[in-house]
Amino acid sequence: MARFVGGYLHRIGEWNELLIRVEGDRVRTWVNGKPGVDARQSRSRKGAIGLQRHGTAQYRDKVIEFRKIEIAEL
């Protein structure tokens, strides 16, 4: 079963693909191949990479899992 969540195709019960590309202060994302965020962020060029889930009541009892995480310097 698939449905749109936040305007993007979210496959319920299946793995979803998230691509994040950071170039300087520009951050772009794609969810299941569809464009998401394209924004400029003021942030440090050094730091950690963090993964999180939404903290809203809608997601409070949900388990979020990550797999096949790849990080590459471009």
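Me: Where is I69 found, and is it buried or exposed?

Reply: This is a predicted model. In it, I69 is found in the segment after strand 5. With a relative accessible area of 54%, I69 is exposed, because anything over 50% gets that label.

Me: Which residues make the nonpolar surface patch?

Reply: I69 is joined there by I49, L51, I64, F66 and I71. Together these residues make a nonpolar surface patch of about 640 Å².

Me: And what about the chain overall: how many of its residues count as buried?

Reply: Just 5% of the 74 residues of the protein chain count as buried. The accessible surface comes to about 6,900 Å², and carbon and sulfur atoms account for 51% of that area.

Me: Okay, on to the fold. What secondary structure should I look for?

Reply: Look for strands: the protein chain has five of them and zero helices. Reading from the N terminus, you get β-β-β-β-β.

Me: How do I read the sheet, and in what order do its strands sit?

Reply: The general idea is that strands of a sheet pair through backbone hydrogen bonds, either parallel or antiparallel. Here three strands form an open sheet in the order 3-4-5, with antiparallel pairing. Strand 3 (18-23) and strand 5 (34-40) each have a single partner strand, so they stand at the edges, with one side of each left without a neighbour in the sheet. On average, neighbouring strands of this sheet are turned by 15° against each other, ignoring direction.

Me: How many bridges join strand 3 to strand 4?

Reply: Six, and the two strands run antiparallel, with strand 4 covering residues 26-31. To find the register on screen, start with V22, which stands opposite V27 in strand 4. Then try I20, which faces T29 in strand 4.

Me: What should I keep in mind about side chains when I walk along a strand?

Reply: In a regular strand the side chains alternate between the two faces of the sheet.

Me: How many residues lie between strand 3 and strand 4 in their hairpin?

Reply: Two, and G24 in that turn has a positive phi of about 65°.

Me: How many bridges join strand 4 to strand 5?

Reply: Five, and this pair runs antiparallel. One pair to look for is R26, which stands opposite R40 in strand 5. Strands 4 and 5 form a hairpin too, with two residues between them. N32 in the turn has a positive phi of about 50°.

Me: Is N32 buried or exposed?

Reply: N32 sits in the loop between strand 4 and strand 5, and it is buried, with a relative accessible area of 16%. The label follows because buried means under 20%. Check its distance to L19 as well: the two residues are 13 apart along the chain, and their C-alpha atoms are separated by 8.2 Å.

Me: Now the charges. How many salt bridges does the structure hold?

Reply: Four. To recognise one, look for a side-chain nitrogen of Lys or Arg within 4 Å of a carboxyl oxygen of Asp or Glu. Take E23 and R28, whose side chains meet at 2.8 Å, N to O. E23 counts as partly exposed, at 36% relative accessibility.

Me: Which residues are linked in a network of salt bridges?

Reply: R21, E23 and R28.

Me: What does R40 pair with?

Reply: The side chain of R40 meets that of D25 in a salt bridge, at 2.9 Å, N to O. This pair links distant parts of the chain: R40 is in strand 5, while D25 is in the loop between strand 3 and strand 4, 15 residues apart. R40 is exposed at 58% relative accessible area, whereas D25 is partly exposed at 35%.

Me: And which residue forms a salt bridge with R26?

Reply: D38 does, with the closest N and O atoms 2.8 Å apart. D38 lies in strand 5 and R26 in strand 4, so the pair ties together parts that are 12 residues apart in sequence. R26 counts as partly exposed, at 25% relative accessibility.

Me: Last one: what share of the contacts between residues at least 6 apart in sequence join residues at least 24 apart?

Reply: In the protein chain, 13% of those contacts do.

Key: Residues are numbered from 1 along each chain as its sequence is written. This is a predicted model: local features need pLDDT of at least 70, side-chain atom pairs count only at pLDDT 80 or more; totals for chains, interfaces and linings use all residues. Side-chain values use heavy atoms; hydrogens and water are left out. Two strands pair if DSSP finds at least two bridges between them. Helices (H or I, at least four residues) and strands (E, at least two) are DSSP runs, numbered from the N terminus. Axes are lines fitted to C-alpha atoms, for helices over the stretch in contact, and angles run from 0 to 180 degrees between N-to-C directions. Buried means under 20% relative accessible area, exposed over 50%, partly exposed in between (1.4 Å probe, protein chains only). Patches are made of residues with over 30% relative accessible area and no salt bridge: like charges are joined within 9 Å, nonpolar side chains (Val, Leu, Ile, Met, Phe, Trp, Tyr) within 5 Å. Accessible areas come from the Shrake-Rupley method with a 1.4 Å probe; for residues, only the protein chains shown count as cover. Contact means heavy atoms within 4.5 Å.
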